[in-house]
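Hello,

Here is the structure I promised to pass on to you. Please have a look at it first, and then read on for what turned up in it.

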Amino acid sequence: MGPQHASKRKEAPTPIPVGNDADIMRITPLGAGQEVGRSCLLLEYKGKTIMLDCGLHPAYTGLAALPFLDEVDPSSIDVLLISHFHVDHAAALPYFMEKTTFNGRVFMTHPTKAIYKWLLSDYVKISNLSSEDQLYNEQDLARSYEKIEVVDYHQEVEVEGIRFTPYNAGHVLGAAMFLIEIAGVRVLYTGDYSREEDRHLMAAERPPNVTPEVLICESTYGVQSHEPRVEREARFTRTVHDIVQRGGRCLLPVFALGRAQELLLILDEYWQAHGELHNVPIYYASSLAKKCMTVYQTYTNMMNARIRQQVKISNPFQFKHISNLKSMAQFEDVGPCVMMASPGMLQNGLSRELLELWCVDKKNGVIIPGYVVEGTLGKQILSQPEEIVSMSGSKLPLRLSVDYVSFSAHVDYRENSAFIEEVGSAHLILVHGDSNEMGRLRSALQSRYAEREIPLNIHTPRNCETVELYFRGEKLAKTIGALAAAEPADMAPLSGILVCRDFEYHLLDPADLPAFTDLQVVNLTQKQHIACRAPFGIVKWHLENMYGDVEMTGKRSFIVFGCVKVVQSSNLRVWTVEWERGGGMEDLVADSVLGVLLQAGSARADVKATKGASHHHHHHSDHDDSSDAPQKASIEEVLDESDTSNLPEHPMDISSGVTGADDPLGVEGAAEEIVKEAVNLPVEHSQADALSLKQEAEDEQARIRVDKMDIELEKKMDEIDTSDVPASEITTTAQDQPDDQIENESVTSERHSNDFTESTRFATLFLTRQFGDDCVELLSTTGPLTASVPEEGVEPLQSATRTVAKWRIAVDGESAIAEIGYHVGDNKKVLAGVAPSLSVDSNAEELRRRVGTVLGRIWRSVRPVDETWSFPLDR
């Protein structure tokens with residue numbers, strides 16, 4: 001038998017492979033899972049989270065009455081939808097909004113919000129709980145009320161990709177079922193609904209022209225069927241009549257709002273038709289009676305056609321035979337009466353007090369007019385027990401009659417099954433029903449739909465049990481705007497901007513972005529600042545060799561390749577590269593420009609490193625310079641073949657060099673290596689290669705000249721060292737000296753003169769490299785000056801400052817005059833041991849400082865090495 005039974009077991013369904021976890025919809029009951037009460041469901045899909053209802057369980061108190069809120073992170077919930085104002089659907093909302101980290105948005109209909117505040121205020125007052133056990137107080141309720149947003153029936157609302165529309169549910173005034181759509185998948189949540197029109201409410205409606213993928217439906221009455229409305233009303237009025245006719249008190253435990261208004265309409269009409277009952281009072285015992293009636297009178301437009309027609313003649317909610325009873329102090333318990341009191345399940349409040357007061361008299365009677373939850377006293381007395389337990393704990397005999405006439409505005413099996421079939425969803429999730437009733441309904445529905453081509457998948461989850469449904473994410477892009485003006489040909493490429501908004505995809509022309517989206521077409525400009533001291537001319541020359549002619553837009557700015565703007569700052573130390581983001585070409589050009597700037601800024605350091613790594617051997621003064629002739633010719637031929645029109649003018653000849661005798665440190669090795677590399681250039685090398693090599697050679701030769709000047713100046717100062725020579729020998733004239741001495745002195749004097757000439761020349765060169773060729777002008781220079789040392793005991797000659805060189809530097813509308821001078825005596829000879837002076841005159845402080853710094857650094861390299869001076873600025 002074991003193996004046979006095992007073979008009949010139902011195999012587990014094959015799991016569907018899921019490509020993306022976001023394609024799984026998760027629905028978890030935090031309340032109302034195989035129970036009635038504390039309705040609260042969690043819907044998760046595509047990263048969005050929605051909570052449906054947030055109620056309390058009528059049979060419990062304190063924290064035990066709450067849904068299982070510890071199973072969810074309140075801060076992750078985007079939207080909370082309340083279907084109607086009943087305690088089991090809305091009473092936990094103030095706690096959830098004010099006592100947790102929830103910061104989403106809450107929606108309900110206008111009547112629901114209007115009644116919500118008064119109903120829950122009454123609930124707080126009659127709950128008879130200590131302040132420690134109360135979930136919230138009046139202040140929490142008021143704060144939550146201010147945050148609630150209202151919607152109308154058929155109003156579509158969209159919140160961050162969540163789209164929902166409320167429809168009339170017919171359960172109570174303002175009750176709504178919600179059609180929710182996320183990423184094209186639709187879910188219909190019915191809440192509590194009624195498909196039967198009564199004396200003041202319309203029947204629930206089905207969302208038109210839509211078939212939701214998932215239906216979340218109540219199962220309160222399972223497979224039970226309601227009594228027809230006419231028969232039900234007749235039995236109700238007959239039972240009430242019988243109780244008061246025998247002299248008893250008739251108790252009708254109802255909720256303050258909802259079914260109470262339906263019963264009031266029935267009783268007022270019945271009393272009007274039966275004159276013998278006019279002396280029997282009907283009380284509506286509720287502190288909210290007057291306020292709630294005002295709400296009902298306000299929203300008659302949301303009721304059925306009968307009320308809308310009657311309200312044109314008179315107010316149907318102004319009753320002739322019914323009195324409002326605010327408190328028991330106004331009640332005189334003498335003789336028969338009808339008392340309508342809340343709450344409807346007799347768990348506490350006035351209805352519980354009256355039951356305990358009247359239950360001992362068999363003339364009295366209680367009629368349960370609606371659904372009661374397991375665990376409440378209302379459910380308990382339906383089984384006709386002999387006694388009940390009072391709120392004080394004592395036992396009381398139950399002698400009054402107990403009748404059940406259901407006016408519950410919930411669907412029965414007939415209405416529920418018809419609605420489920422009409423909606424046509426592939427997935428049905430049953431909630432808000434006792435486990436037994438829910439199980440019977442599931443079996444009945446499975447039998448009913450067994451013959452359907454598409455089977456109905458029915459789920460009955462318990463609390464905290466998650467139902468996972470997989471929906472394959474199909475992405476469909478619709479063309480709109482200009483792209484949709486003409487139908488594209490088959491297989492023809494279609495290009496545009498793909499816009500995804502709230503899980504919907506649209507393909508449109510960029511020009512249509514402002515019309516169909518919140519996006520705007522903008523030009524994104526990108527700037528890059530880079531510290532670089534490379535001269536303007538050098539950078540421009542490099543970029544012209546790479547991209548051709550550049551477009552000058554200012555004195556120190558130009559545009560490369562028509563798309564990248566290059567600007568040198570006024571202090572000549574920072575370059576700015578600016579371009580607009582486009583198809584990618586602009587980024588490539590900008591990257592190459594930045595590379596050129598970085599290379600140009602580090603060119604001198606690279607050359608110096610090359611010199612330090614060279615190991616060339618140089619011959620002495622007997623070196624045959626004629627051997628260099630073919631090399632010079634070769635490089636000139638290479639350079640002549642290229643376009644040198646854009647080469648910056650250089651004051652030095654690339655073919656000039658120093659021999660090994662004058663280069664004891666080997667400083668010209670790197671330049672020779674560069675020259676040889678240029679000589680050996682193959683014919684196929686580009687023009688840019690030749691120009692680049694020539695520029696490198698020129699830069700190295702300039703540095704070699706400066707180093708050579710230091711060596712020569714050291715030699716000269718050694719020759720005129722006067723530490724061990726009498727002053728008279730130093731100041732001897734040419735007539736007193738031998739011819740060879742005169743010749744020697746003339747050479748020394750010429751070299752001394754050449755020193756200052758070369759110094760001025762190099763200083764001018766470096767100033768033009770720093771500030772630009774067109775910004776530096778050499779105003780004057782001087783001839784040879786010789787050293788003069790006074791004899792011992794002889795007064796020194798009167799001295800004056802003799803200008804060696806003078807420049808004008810003009811940058812961006814600002815100018816400076818710079819001078820280098822030496823102190824000389826009357827004999828026009830330099831006074832030995834006296835430091836030279838540097839003078840810079842300018843109204844622009846920044847330019848004056850920069851010129852002084854640059855010129856001071858240059859003159860340190862070319863002055864006699866024994867001079868020590870600190871660049872005094874005269875002005």
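Before we get to the strands, one definition: two strands pair if DSSP finds at least two bridges between them. Please also keep in mind that this is a predicted model.

With that in hand, take strand β28 (residues 557–560) and strand β29 (residues 564–568), which run antiparallel and are joined by 4 bridges. Within this pair, S557 of β28 stands opposite V567 in β29. Both strands belong to an open sheet of 5 strands, in the order β26-β30-β29-β28-β27, and the pairing there is antiparallel. Its edges are β26 (525–531) and β27 (551–554); each has a single partner strand, so one side of each is left without a neighbour in the sheet. From one strand to the next, the twist averages 25 degrees.

There is another open sheet to look at, this one made of 3 strands in the order β23-β25-β24, with mixed pairing. Which strands stand at its edges? They are β23 (477–479) and β24 (497–501), and because each has a single partner strand, one side of each is left without a neighbour in the sheet. Direction ignored, neighbouring strands of this sheet are turned by 30 degrees against each other on average. The parallel part of the mixed pairing can be seen between β23 and strand β25 (residues 504–508), which are joined by 3 bridges. One place to find it on screen is A477, whose bridge partner in β25 is Y505.

Now for the helices. Two packed helices are described by the angle between their axes and the distance between the axes. For α6 and α7, the axes come within 11 Å and cross at roughly 65 degrees. Angles of 65 to 115 degrees count as roughly perpendicular, and α6 and α7 are therefore roughly perpendicular to each other. The crossing of α6 past α7 is right-handed.

The other pair is helix α12 (residues 413–423) with helix α13 (residues 435–448): their axes come within 12 Å and cross at roughly 50 degrees. That angle makes α12 and α13 oblique to each other, and their crossing is right-handed.

The helices α6 and α7 come up again once you look inside the model. How many cavities of 30 Å³ or more are there? The count comes to 5, and the largest cavity holds about 120 Å³ of space. Its lining has 15 residues, and those nearest the centre are S194, E196, R232, R259 and S408. The elements that give two or more residues to this lining are α6 (229–245) and α7 (259–273). By class, the lining of the largest cavity is made up of 8 charged, 5 polar and 2 nonpolar residues.

Finally, here are a couple of backbone details that you may want to inspect yourself. S342 and P343 are joined by a cis peptide bond, with omega at about 5 degrees. P343 lies in the loop between β15 (337–341) and α10 (349–358). Then there is E160, which is not a glycine and yet has a positive phi of about 50 degrees. You will find E160 in the loop between β7 (157–159) and β8 (162–168).

Happy browsing, and do write back with your thoughts!

Best wishes

Note on methods. Residues are numbered from 1 along each chain as its sequence is written. This is a predicted model: local features need pLDDT of at least 70, side-chain atom pairs count only at pLDDT 80 or more; totals for chains, interfaces and linings use all residues. Side-chain values use heavy atoms; hydrogens and water are left out. On a 1 Å grid over the protein atoms alone, a cavity is a set of points where a 1.4 Å probe fits but cannot get out, and a pocket is an open set with protein on both sides within 12 Å along at least five of seven lines; lining residues have an atom within 4 Å of a point. Grid points are joined across faces, edges and corners, and a volume is the space filled by probe spheres set on the points. Ala, Val, Leu, Ile, Met, Phe, Trp, Tyr, Cys and Pro count as nonpolar, Asp, Glu, Lys and Arg as charged, and the others, Gly among them, as polar. Axes are lines fitted to C-alpha atoms, for helices over the stretch in contact, and angles run from 0 to 180 degrees between N-to-C directions. Angles under 35 degrees count as roughly parallel, over 145 as roughly antiparallel, 65 to 115 as roughly perpendicular and the rest as oblique. A crossing is left-handed if the near helix is turned anticlockwise from the far one by less than a right angle, and right-handed if clockwise.
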